[in-house]
Amino acid sequence: MCGIVGYLGTSEAMPVLFNLLKRLEYRGYDSAGIAIMNESVETFKTRGSVDDLRSIAPDIKGCTGIGHTRWATHGKPSSENAHPHCDCTGSIAVVHNGIIENYIEIKGKLIDSGHEFRSETDTEVLPHLIEEYYDGDLESSVQNALSVVRGSYALAAVSADDPDKIVVARKDSPLVLGLGDGGFFVASDVSAILKYTKNVIFMDDEEIGTIKKDGISITTLKGVPVEKKIEMIEWDPESAEKSGYEHFMLKEIFEQPDIIRETFSGRISADGVDLGLTLPDVKRITIIACGTSYHAGLFGRYVIERFARIPVDVEIASEFRYTDPILDCGDLVIAITQSGETADTLAAIRESESKGCEKLGIVNVPGSSITRESQCIFTRAGPEVGVAATKSFTSQLAVLLLLAVQLGRQRKVLSTADANEFVYELKQMSGNIQRVLNDAPQIKECAELFAGADQCMFMGRGANYPIALEGALKLKEISYIPAEGFPAGELKHGPLSLIYDGVPVVAIATEDTVYDKVLGNIKEVKARGATVIGIANESDTEIEKYVDYVIRIPDANQWIAPVLSSVVLQLFAYYIAYYRGCEIDKPRNLAKSVTVE
Ligand code: F6R
């Protein structure tokens, strides 16, 4: 959802900015641009990728600069609409992530006072406003400009008058500053700067920072100095690299055995589960999330209700915030979010706070906005660069399983013996994911057969229903094949009409209490000509009689099998997209981390 970067230091800025931008490309990739402080502000931008920009930009010398990779909101992808945007004189340049809500009104006033606009973006009002307020000091001009702006922003601004300075500001869009040996870094996301430094400052809302050669100072928008903590990021810089894999998505799928071990580390023992926080004793839980994280939330409902017997509602964050939700003071609201920055999820958790609810985040990115607003359980999946969520999803499922067990024990509805038996199963999860991955060549062969499909259906029941939804989402987002996931029991109520000769249906038919029912549903689609790919346990000797192709997962507890099936579906989607020649890490129109509404 747009990435902004900046560098001020002793090295040439251009190669550093390209490096930072490449690492943020997953946030948007329809256009890119940089501004380097030379004798003047030298700006280059283009429609297309960071590599396209690199191929057209001349080598500009200068040790200070800012950059941007765009995911279009206001104005189509074009070089005019790409950032940085400049003021009328071309001496002030700004990169921005967010939305200026009152830009039409501001733009009108600026045009009336003689400013000339070159783009259709909301962002362009920022450099003109800074120009309007310019008093020789970039920081106070940015501060004054922001006082009339409504909306969200993470921005970096430079001025030809002050070539050794970058001014940054944040409101409702992420912004992190890195303190390295040879200079200072600005980025929308920590993973971009990990290669250079692990020491970071997370900017908070309504803060302005000034970066100069001798250091960083931060104040509130009203100019009150703020003492910021320098935090150390534990992530391994290698984990944000492709490490020989063709795509980040594939690399991240194959990281899952290690990630799950990390997610469980120090949290499970012979005595059960300890997430390191006291969970409130509540009567009702509401889970809010978007996209893949929402599917994890649906899975969470099944396991929390089963293990802890607490009623759980699961809501799509963008719907929840506008429905005047009925929440009781003391209910627990859990926000699930990989990035910790999804605008709708953050707004929903704030809404629940205003109603007096207890809040809990399940989050991956350290230092992200949600971590500063709520107590959080970290999924510990490391940086996820592929736009399609994979390892973050399975680590969310793993945390939800832990949460369900801890709540169940706390409420004494889960016996010690049952908890211990389940913990034993959890300990096998990482090894079992590895066994699924060992079968990747077979999943690849199966995917090749369906790479030309016009549509694909995914069905499952119970805790496998959210996994079917996630399988469909993965396939559609990276291969562009229309795909639908549905609860197998709903077939007769509509989806059956989509079945025709040869249409692929992926049926999750692992052994659980509804296994026989799923076999019945498979018969229904087979009878209408579907080609069925069954995901089944390795010991299942029946399944071959029902389906056309079988992909096996290790025998596992029925609450753990959905995690293993998820990995199968990730690989299935990945290989289909691969055979279709899709841009797997940069799916059309999508960006990771949706920081605008
Ligand atoms: C799909 C995907 C998205 C995200 C959604 C929520 O692969 O990644 O659907 O799950 O945008 O993002 P987070 O979890 O960061 O709140």
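Colleague: What makes the backbone N or O atom of Thr292 and an oxygen atom of the ligand a polar contact?

Modeller: In this predicted model, the two atoms lie 3.1 Å apart. The cut-off for a pair of N or O atoms is 3.5 Å. The Thr292 pair is within that limit, so it is a polar contact.

Colleague: How do you know that Gln338 makes a polar contact with the ligand?

Modeller: Set the value against the limit. A polar backbone atom of Gln338 is 2.7 Å from an oxygen atom of the ligand. That is within 3.5 Å, so the pair counts.

Colleague: Which part of Ser339 lies 2.7 Å from an oxygen atom of the ligand, backbone or side chain?

Modeller: The side chain. A polar side-chain atom of Ser339 lies 2.7 Å from a ligand oxygen. This value is within 3.5 Å, so it is a polar contact too.

Colleague: How much of the ligand's accessible area does the protein cover?

Modeller: On its own, the ligand has 400 Å² of accessible area. The protein covers 87% of that.

Colleague: Which residues around the ligand come nearest?

Modeller: There are 13 residues around the ligand. Ser293, Gln338, Ser339, Thr342 and Glu477 come nearest. By class, the shell has four nonpolar, seven polar and two charged residues.

Colleague: Why is Glu477 counted as charged?

Modeller: Glu belongs to the charged class, so Glu477 counts there.

Colleague: Which helix gives the most to the shell around the ligand?

Modeller: Helix 9, with three residues. Helix 9 (291–308) and helix 15 (464–479) each supply at least two.

Colleague: What makes you say that the ligand sits in the largest pocket?

Modeller: The test asks for more than half of the ligand's atoms within 2 Å of the pocket's grid points. The space taken by the ligand is the largest pocket, so the ligand sits there. The pocket's volume is about 650 Å³.

Colleague: Which residues lie nearest the centre of the largest pocket?

Modeller: Cys290, Gly291, Thr292, Ala591 and Val594, out of 29 lining residues. Helix 9 gives the most to this lining, with five residues. The lining has twelve nonpolar, 13 polar and four charged residues.

Colleague: Why is a cavity not called a pocket?

Modeller: A pocket is open, whereas in a cavity a 1.4 Å probe fits but cannot get out. The whole structure has four cavities of 30 Å³ or more. About 200 Å³ of space lies in the largest cavity. Of its 25 lining residues, Ser188, Asp189, Val190, Ser339 and Val365 are the closest to its centre.

Notes
Residues numbered from 1 in each chain as written. Predicted model: local features only at pLDDT ≥ 70, side-chain atom pairs only at ≥ 80, totals over all residues. Heavy atoms only, no water. Near = heavy atom within 4 Å. Polar contact = N/O pair within 3.5 Å; in protein donor to acceptor, adjacent residues only side chain to side chain. Areas by Shrake-Rupley, 256 points an atom, 1.4 Å probe, with all protein chains shown as cover. 1 Å grid on protein atoms, 1.4 Å probe; cavity = no way out; pocket = protein on both sides within 12 Å on 5 of 7 lines; lining within 4 Å. Helix = DSSP H or I, 4+ residues; strand = E, 2+ residues; numbered from the N terminus. Points joined across faces, edges and corners; volume = space filled by probe spheres on them.
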